[in-house]
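Dear colleague,

I am passing a structure on to you with this email, and I would be grateful if you could look through it before reading my notes. What I found in it is set out underneath.

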Amino acid sequence: MVSELEGLAARQSARRILPDQKAVLRGANERYRAAAATGDVVGFNAANMLLHDTIIDNAHNLLLGAQLKSARGQSGHSERQTQSTMRALAPSCCHYGSGLYGTLAIRSE
């Protein structure tokens, strides 16, 4: 269910993102990619949270944002799960890096 809500937030964000928010998203994406590439678990988690928060905020949908942020506390990942995710993402440089961010960048220009 959370992935469906995140998809909705991403689609809304792609339509509603503002130029200054796009810069924040770009920075979050770069930190996310760098942390995944270097195996920095703490940096990865912080960048991942910033990336998700930025996308949620860019959707400009208070109800959806509240639902996603509430669900986040119920689906925390252990450090072991995070390291596994980072190993999987490092070769492709992150699932958001090329897919979601690219979609947001294209739709907002």
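For the packing of two helices described below, the axes are lines fitted to C-alpha atoms over the stretch in contact, and the angle between them runs from 0 to 180 degrees between N-to-C directions. Please keep in mind that this is a predicted model.

To begin with the overall picture, the protein chain holds six helices and zero strands, and its pattern, followed along the sequence, reads α-α-α-α-α-α. The chain has 109 residues, of which 38% count as buried, and its accessible surface is about 6300 Å², with 56% of that belonging to carbon and sulfur atoms. Among the contacts in the protein chain with a separation of 6 or more, 77% come from residues 24 or more positions apart.

One pair of helices deserves a description of its own. Helix α1, which covers residues 2-16, packs with helix α4, residues 62-72, at an angle of about 140°, and their axes are 10 Å apart. Because an angle from over 115 up to 145 degrees falls in the oblique class, α1 is oblique to α4. The crossing of these two helices, α1 and α4, is left-handed.

As for the residues that meet there, α1 contributes Val2, Leu5, Glu6, Leu8, Ala9 and Gln12, while α4 contributes Leu64, Gln67, Leu68 and Ala71. Sorted by class, this contact of α1 with α4 consists of seven nonpolar, two polar and one charged residues.

With best regards

Terms used
Residues numbered from 1 in each chain as written. Predicted model: local features only at pLDDT ≥ 70, side-chain atom pairs only at ≥ 80, totals over all residues. Heavy atoms only, no water. Helix = DSSP H or I, 4+ residues; strand = E, 2+ residues; numbered from the N terminus. Parallel < 35°, antiparallel > 145°, perpendicular 65-115°, else oblique. Left-handed = near helix turned anticlockwise from the far one by under 90°. Contact = heavy atoms within 4.5 Å. Nonpolar A, V, L, I, M, F, W, Y, C, P; charged D, E, K, R; others polar. Buried < 20%, exposed > 50% of the residue type's maximum accessible area, 1.4 Å probe, protein only. Areas by Shrake-Rupley, 256 points an atom, 1.4 Å probe, with all protein chains shown as cover.
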